[in-house]
Amino acid sequence: MSQGPRSGLNAVSSALLAMSEQLEVRDVLKTIVASARELLDAEYAALGVPDDHGGFAQFVVDGISEEQWRAIGPLPRQHGILAAMLHKAEPERLADVREDPRFEGWPSAHPEMSDFLGLPILYGDETLGALFLANKRCPKPEGGCGFTADDEELLTILAQHAAIALTNARLYERSRELTIAEERSRLAHELHDAVSQKLFSLRLTAQAAAALVDRDPPRAKGEIQQVAVLAAEAADELRAAVVELRPAALDEDGLVATLRTHTQVLDRAHSAEVTFESRAVRALPAAQEEAMLRVAQEALHNALRHSGAERVRVTLVRRGAGAVLRVTDDGSGFEPRAIKRAGRHLGLVSMRDRAGGVGGGLTVESEPGKGTTIEMEVPGG
């Protein structure tokens, strides 16, 4: 490396730390590619994760603009040099990839590439992907490759750690899928226990009102009024369930826009005033954004259905590289220690688990008659 040994070691350490901090597969792939390109001072870098049909399930690039990437067209197939790395599981270091007999060309919008360094990402006997760099930013030896044997060794070390980070991210996503399934099961039980019972009571009350219309109109009127109350309660239960089931548009809209939409829906659906405010919040790692959204949903659920609040305020502000979410209500409040002793947590355990699972923290401030504030902080990426 052209840098001194100490600065080179620091660069490797920073790249490995950046990979280990990511939890989402897509974030890990982006970090691997960006770290490799910066570490070896290449113009382009890419990483492909193969599918089972001769193509790539995911293909991440660095050094190419969004406009260039769109112009290039569909993802590449597993052929040529890429296929060699995936199937032979050996590094490839070439002075000019275009002169290699396995080179099969590229789309017209594809940038020109010459010197090339690529290798597979292996975890045991499994090939997780193919990582490659092109166009080393340095003087090239006559007829030789800008990438050196030291570069190849460095990229091999990076790929070994990338395999661990990528495997951990896959395990995390599978675990999260199980959690989502558990949440759906919980919602199904909640619908059955709450809404179904409300509708059953509604039916019985309506039948009683029908039987009393002729012989006891005043009592029939009271039963009909009770029908209206039960119908309103059932509607509230259904609204809350639908809001929880609605898929979050985090990938398309980001956390700020998703939270704003969510609070607007709740403001229309409930009598309490629900507001949202954000200041200078940057995009966060996907896992942190999802955890913040879920904590906000749980906190809002508690405030609107259990506290009797008239006003609920949600704020999201930047703090360092991360962010702080705060949900405050003017409801009845509670004594946190008493709630814990009684075995009723109001979702506090799951909220703390979500915060801790992404390296964040959760604090709860509440007092009977003085409302509740739930605050979650995440470190960012």
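Let me begin with one residue, Phe 132, which counts as buried because its relative accessibility is 10%, and buried here means under 20%. Please keep in mind throughout that what we are looking at is a predicted model.

To see where Phe 132 sits, we need its partner, and that partner is Phe 59, with which it forms a tilted aromatic pair, the centres lying 6.5 Å apart and the planes making 50 degrees. Since Phe 59 belongs to strand E2 and Phe 132 to strand E5, this pair ties together parts of the chain that are 73 residues apart in sequence. Phe 59 is itself buried, at a relative accessible area of 8%.

Now, as a reminder for those new to this, a pair of aromatic rings is described by how far apart the centres are and by the angle between the planes. With that in mind, how many aromatic pairs does a search of the whole structure find? The search gives five, and one of them joins Phe 59 to Trp 69, where the centres are 6.1 Å apart and the planes are at 5 degrees, so this pair is stacked. Here Phe 59 in strand E2 meets Trp 69 in helix H3, which covers residues 66-72, and the two residues are ten apart along the chain. Is Trp 69 buried or exposed? The careful reply is that Trp 69 is partly exposed, with a relative accessible area of 22%. Taken together, Phe 56, Phe 59, Trp 69, Phe 116 and Phe 132 make up one aromatic cluster.

Let me turn to the sheet that holds strands E2 and E5. Strands of a sheet pair through backbone hydrogen bonds, and they may do so in parallel or antiparallel fashion. In this model we have an open sheet of five strands, paired antiparallel, in the order E2-E1-E5-E4-E3. Strand E2, residues 56-62, and strand E3, residues 92-94, are the edge strands, each of them pairing on one side only. On average, and ignoring direction, neighbouring strands are turned by 15 degrees against each other.

Within that order, strand E1 (residues 42-50) and strand E5 (residues 126-136) run antiparallel and are joined by six bridges; one example is Gly 48, whose bridge partner in E5 is Ala 130.

Finally, the helices. Helix H2, residues 25-40, packs on the sheet and touches E1, E2, E4 and E5, while its direction makes about 40 degrees with that of E2. Helix H4, residues 80-88, lies across E1, E2, E3, E4 and E5, and runs at about 140 degrees to E5.

Conventions: Residues are numbered from 1 along each chain as its sequence is written. This is a predicted model: local features need pLDDT of at least 70, side-chain atom pairs count only at pLDDT 80 or more; totals for chains, interfaces and linings use all residues. Side-chain values use heavy atoms; hydrogens and water are left out. Two strands pair if DSSP finds at least two bridges between them. Helices (H or I, at least four residues) and strands (E, at least two) are DSSP runs, numbered from the N terminus. Axes are lines fitted to C-alpha atoms, for helices over the stretch in contact, and angles run from 0 to 180 degrees between N-to-C directions. Contact means heavy atoms within 4.5 Å. Rings of Phe, Tyr and Trp (its six-membered ring) pair if their centres lie within 6.5 Å; planes under 30 degrees apart count as stacked, over 60 as edge-to-face and the rest as tilted. Buried means under 20% relative accessible area, exposed over 50%, partly exposed in between (1.4 Å probe, protein chains only).
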